[in-house]
Amino acid sequence: MRIDMPMMKAAVLESPGHMKVKEVPVPSLKPDEALVKVMCIGICGSDVHYYEHGKIGRYEVKEPLILGHELAGVVAEVGEAVKHLRVGDRVAVEPGVACGRCEYCKGGRYNLCPDVVFMATPPINGAWAEYAAIRSDFLFPIPDEMSFEEGALLEPLSVGFHAMHRAGVQPHDRVLVTGLGPIGQMAVVAARLFGVTEVYGSDVVEYRRDLAKSMGITDVCDPMTASLQHQVSAWTEGKGVDVLIETSGNAGVITASTAHIKRGGKIVFIGLPAAASVGMNVNEIIDGELDVLGVFRYANTYPAAIRALRSSKVRIEDTITHKYKLDDIQEALDVSIHHKNSSMKIMIYPN
């Protein structure tokens with residue numbers, strides 16, 4: 001099948017701070033790709049950072065770029081080599097396509113592939129557009145009862161899933177999540193989907209703490225009004241938590257993380273600090289035989305996350321606070337930037 005329309009609408013970042021919705025060509029397909037009609041796509045913190053600053057680390061926007069990588073949609077066309085998908089299939093999109101041949105891909109850690117092509121990471125276009133072309137093995141059918149919103153949220157949820165895998169989280173573990181933004185909320189959900197019954201959280205924003213309660217968190221702390229260390233001690237009878245998931249990227253929180261962990265526990269870092277180097281108490285890491293782990297995106301998470309959500313009563317779409325048409329992308333970005341204390345996940349609807 002061929003899409004009749006040669007052009008589509010897309011939101012294009014032309015330079016930092018300058019976004020324009022305009023007509024661009026519909027992507028052409030390689031034999032192993034499928035064309036997805038984008039039904040729902042989120043705004044991620046990385047999208048906002050590229051919009052405001054034009055770069056993240058070594059990745060710099062040097063030419064016009066379509067942002068957006070948290071999406072779900074409907075298969076509109078398939079390449080000649082695609083056999084497992086049909087036009088009309090509802091799919092979630094994993095936005096990082098790995099080479100499949102390097103030692104990391106062969107070893108199952110394809111998120112570390114040096115040749116990964118990740119949507120909305122310069123110079124690769126994302127999917128704030130009506131259509132996107134994706135290699136078909138990175139498309140995952142979603143059940144009819146799963147909304148497109150849930151399908152799009154599988155991407156940030158996968159970060160939480162990967163964090164649980166990295167830490168080897170077990171149902172009996174006590175888990176602390178520092179930072180309850182979108183990724184922190186999804187880490188809470190992931191912990192619950194892993195069977196954890198005691199999940200605690202910390203954030204300075206009341207709205208985020210309240211939302212985490214609706215996501216199933218056991219208890220929360222406002223570190224501006226109470227000592228998180230004292231609160232963790234009260235929650236755990238003075239033992240400390242088994243696993244800490246750090247999503248805020250706050251240097252002070254990172255430095256203090258060793259104070260909240262029991263001996264033999266695990267710290268998982270997700271949030272990126274403003275400065276690459278942050279001090280930590282190495283003596284506590286050694287003396288407590290702590291495992292310190294990093295998380296870079298995710299790998300092999302989508303099928304498991306789909307199955308877990310399907311059998312769960314957790315409503316991850318409750319994290320969505322705002323919805324906009326693609327034409328209103330500027331307003332959506334303004335809300336994301338200027339209303340962080342009252343917004344969580346913002347969704348865009350290109351179609």
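Which residue forms a salt bridge with Asp287? In this predicted model, the partner is Arg263, and the closest N and O atoms of the pair are 3.0 Å apart. The link joins distant parts of the chain, since Asp287 belongs to helix α8 (residues 282–287) while Arg263 sits in strand β17 (residues 261–269), with the two positions 24 residues apart in sequence. As for their surroundings, Asp287 counts as exposed at 53% relative accessibility, and Arg263 is likewise exposed, with a relative accessible area of 61%. Both values are above the cut-off, because a residue is called exposed when its relative accessible area is over 50%.

Side chains of opposite charge can pair when their charged atoms come close. By the rule applied here, the count of salt bridges comes to 15. Two of these involve Arg315: the side chain of Arg315 meets that of Glu317 at 3.6 Å, N to O, and it meets that of Asp318 at 3.2 Å, again N to O. Arg315 counts as partly exposed at 45% relative accessibility, and Asp318 is also partly exposed, with a relative accessible area of 34%. Elsewhere, Arg174, Glu198 and Glu237 are linked in a network of salt bridges.

The strand that holds Arg263, β17, is a member of an open sheet of 6 strands, which has the order β15-β14-β13-β16-β17-β18 and parallel pairing. Its edge strands, each pairing on one side only, are β15 (219–221) and β18 (291–294). Neighbouring strands of this sheet are turned against each other by 20° on average, with direction ignored. Within the sheet, strand β13 (residues 174–178) and strand β14 (residues 198–202) pair in the parallel sense over 5 bridges, and the bridge partner of Leu176 in β14 is Tyr200.

A second set of paired strands can be followed from strand β8 (residues 90–93). Both of its faces are covered: Arg90 and Ala92 on one side, and Val91 and Val93 on the other, are all buried. Strand β7 (residues 70–78) runs antiparallel to β8 and is joined to it by 3 bridges, with Ala92 in β8 as the bridge partner of Ala72. β8 also pairs with β12 in the antiparallel sense, over 3 bridges, and here Val91 stands opposite Pro141 in β12.

Pro141 itself lies in strand β12 (residues 139–141) and counts as partly exposed at 46% relative accessibility. Not counting residues up to four places away in sequence, Pro141 touches Leu85, Arg90, Val91 and Ile306, so that its contacts include two of the residues of β8 that are buried, given that contact means heavy atoms within 4.5 Å. By contrast, Pro141 and Lys62 are 34 Å apart in space, C-alpha to C-alpha, and 79 residues apart in sequence.

The next topic is the interior. The largest nonpolar core has 55 residues, of which Met19, Ile43 and Trp128 touch the most other members. Leaving aside neighbours within four places in sequence, Ile43 is in contact with Val48, Glu70, Trp128, Ile329, Ala332, Leu333, Ser336, Lys345, Ile346 and Ile348. Apart from that core lies another one, of 48 residues, among them Ala152, Val159, Ala305 and Ile316.

Several of the contacts of Ile43, including Ile329, Ala332, Leu333 and Ser336, are found in helix α10 (residues 329–338), where Ile329, Ala332, Leu333, Val335, Ser336 and Ile337 are buried. What covers the buried residues of α10 includes β1 (7–15), β2 (18–25), α1 (45–53), β19 (320–325) and β20 (345–349).

Finally, the unreviewed UniProt entry carries the annotation "domain: Enoyl reductase (ER)", which covers residues 11–316. In the model, the end C-alpha atoms of residues 11–316 lie 26 Å apart, and the span is 27% helix and 28% strand.

Methods:
Residues are numbered from 1 along each chain as its sequence is written. This is a predicted model: local features need pLDDT of at least 70, side-chain atom pairs count only at pLDDT 80 or more; totals for chains, interfaces and linings use all residues. Side-chain values use heavy atoms; hydrogens and water are left out. Buried means under 20% relative accessible area, exposed over 50%, partly exposed in between (1.4 Å probe, protein chains only). Helices (H or I, at least four residues) and strands (E, at least two) are DSSP runs, numbered from the N terminus. A salt bridge is a side-chain nitrogen of Lys or Arg within 4 Å of a carboxyl oxygen of Asp or Glu. A nonpolar core is a set of buried Ala, Val, Leu, Ile, Met, Phe, Trp, Tyr and Cys residues joined through side-chain atoms within 4.5 Å. UniProt positions are given in the numbering used here, feature names are shortened, and annotations may be inferred rather than shown by experiment. Two strands pair if DSSP finds at least two bridges between them. Axes are lines fitted to C-alpha atoms, for helices over the stretch in contact, and angles run from 0 to 180 degrees between N-to-C directions.
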